[in-house]
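Reader: I am new to this structure and would like to learn how to read it. Could you walk me through it?

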Amino acid sequence: MKFWEDIVVGERAEVGRYTFSADAIKGFARRFDPQPFHLDEAAAARSHFGALCASGWHTASVWMRLMVEHQRREDDAHRARGEPVATLGPSPGFRELKWLKPVYVGDTIIYTTEVIEKRASNSRPGWGLMSIRNSGVNQKGEAVISFISVAFVERRGAA
Amino acid sequence: MAISVSHSRRTYARSAPHLLTRGADRFLTAWDLTRKRAVPQFQWEDFTPGRVFAHGPRRVPRGEMVAFAAEFDPQPMHLDEAAAEHTMLGGLAASGWYLCCILMRMCTDAFVLDSSSMGAPGVDEVRWLLPVRPDDELSLRATVLDTRASKSRPDMGFVRFEFELFNAQGQRVMTLTTTLMMGRRERAAS
């Protein structure tokens with residue numbers, strides 16, 4: 001993670017891509033979102049979705065996994081250049097999450113992120129906050145998910 | 001990247017024992033149960049502003065909490081007690097996305113599986129207010145804020161909800177506001 005001071009509003013990155021299999025969709029749904037259109041091909045075909053599709057929470061959770069891996073790669077690159085690495089803190093939440101299109105079996109989602117705002121933390125000296133807009137697009141170029149999340153980022157020389 | 005899928009009978013026995021059939025080898029999900037009901041109990045007309053659905057408490061077992069983090073949010077504050085002590089959360093705490101998923105599951109068990117749910121177009125806002133610790137017991141309160149009919153689809157309507165999760169001490173740990181799409185009774189019957 002870059003230090004808060006070094007983060008530039010407008011920076012974009014591809015964080016990763018993931019292909020949703022029927023097994024993964026059903027496995028996630030069984031645990032957390034057991035609605036028929038996430039669990040069963042025949043029931044999904046009868047629903048307004050028309051075919052088995054992933055829980056929106058599955059699409060969002062995969063973003064988190066890819067984001068953690070992306071940041072780990074960035075940290076490794078910083079260390080390889082001999083640069084210090086900042087700590088990424090927890091998130092107070094997110095807003096404006098939109099599930100724009102269903103994610104169907106075999107869809108590959110490419111996730112990207114863009115810094116849209118940063119501000120100092122009033123309550124926690126040593127930390128800043130950044131807002132990022134996260135998006136997922138399928139292999140046909142259709143947007144499937146979008147949301148704005150907020151996270152604490154360590155400030156330079158804070159520790 | 002390999003994201004593993006684990007949904008064994010043992011997982012259900014730990015996290016949702018009420019969904020297991022007694023003595024049977026296979027587990028019976030809540031969905032299996034609702035498939036048998038031809039007309040769901042809750043349709044768009046039943047979600048009147050101010051109506052409250054409560055569910056829980058539901059334990060969030062350490063094993064399930066850490067397994068979720070390993071699969072979807074492998075940061076030290078969600079994975080490892082010692083590493084988590086030195087973070088802002090001050091000890092091992094649940095991933096916020098795990099809490100979203102648990103909230104979803106509590107909603108499905110509370111009313112969604114017995115409703116004419118057509119999914120949700122999104123979530124207005126989620127606030128993670130306090131860390132949730134391993135083995136805490138969470139309770140859900142779902143309050144209907146307002147509803148409106150769909151202009152383009154006469155067979156459905158929208159229901160805006162505020163969902164709140166409380167820990168065993170009664171502290172509010174998370175809020176989520178969202179709009180659910182629900183099938184309408186009048187249209188379904190005509």
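Author: Happily; we will take the chains one at a time, then their contact, then the confidence scores. Keep in mind from the start that this is a predicted model.

Reader: Let's begin with chain A. How many helices and strands are there in chain A?

Author: A good habit is to count the elements and then read their order. Chain A has five strands and four helices. Along its sequence the order runs β-α-α-α-α-β-β-β-β, with a strand at the start, then the helices, then four strands in a row.

Reader: What box do the C-alpha atoms of chain A fill?

Author: Along the principal axes, that box is roughly 60 × 35 × 25 Å. You can also ask how much of the chain is buried: in chain A it is 37% of the 159 residues.

Reader: And which elements make up chain B?

Author: The same reading works here. Chain B holds seven helices and five strands, in the pattern α-α-β-α-α-α-α-β-β-β-β-α. Of its 190 residues, 35% count as buried.

Reader: What do contacts between distant parts of the sequence account for in chain B?

Author: Look at contacts with a separation of 6 or more, and ask what part comes from residues 24 or more positions apart. In chain B that part is 69%, and in chain A the figure is 69% as well.

Reader: Now the meeting of the two chains. How many residues does each chain give to the contact?

Author: Chain A gives 33 residues and chain B gives 34. On the side of chain B that touches chain A, the elements giving two or more residues are α2 (30-35), α6 (96-110) and β2 (122-128) of chain B. By type, the residues on that side of chain B are 22 nonpolar, seven polar and five charged.

Reader: Which strand of chain A pairs with β2(B), and is the pairing parallel or antiparallel?

Author: To read such a pairing, find the two strands, then their direction, then a facing pair. Strand β2 of chain A, residues 93-99, pairs with β2(B) in the antiparallel sense, over five bridges. For a facing pair, find A:Arg95, which stands opposite B:Glu125 in β2(B).

Reader: Last topic: what pLDDT does chain B average?

Author: Chain B averages 84, and 78% of its residues score at least 70. Look separately at residues 4-36 of chain B, where the pLDDT is below 50; this stretch still has 41 contacts in the model beyond near neighbours in sequence.

Reader: What ipTM and pTM does the predictor give the complex?

Author: The complex gets an ipTM of 0.96 and a pTM of 0.87.

Key: Residues are numbered from 1 along each chain as its sequence is written. Chains are lettered from A and ligands numbered from 1 in the order in which they are written. This is a predicted model: local features need pLDDT of at least 70, side-chain atom pairs count only at pLDDT 80 or more; totals for chains, interfaces and linings use all residues. A residue is buried if 20 or more other C-beta atoms lie within 10 Å of its own, exposed if 12 or fewer, and partly exposed in between; C-beta atoms are placed from the backbone. Two residues are in contact if their C-beta atoms, placed from the backbone, lie within 7 Å. Ala, Val, Leu, Ile, Met, Phe, Trp, Tyr, Cys and Pro count as nonpolar, Asp, Glu, Lys and Arg as charged, and the others, Gly among them, as polar. Two strands pair if DSSP finds at least two bridges between them. pLDDT is the predictor's confidence in each residue, from 0 to 100.
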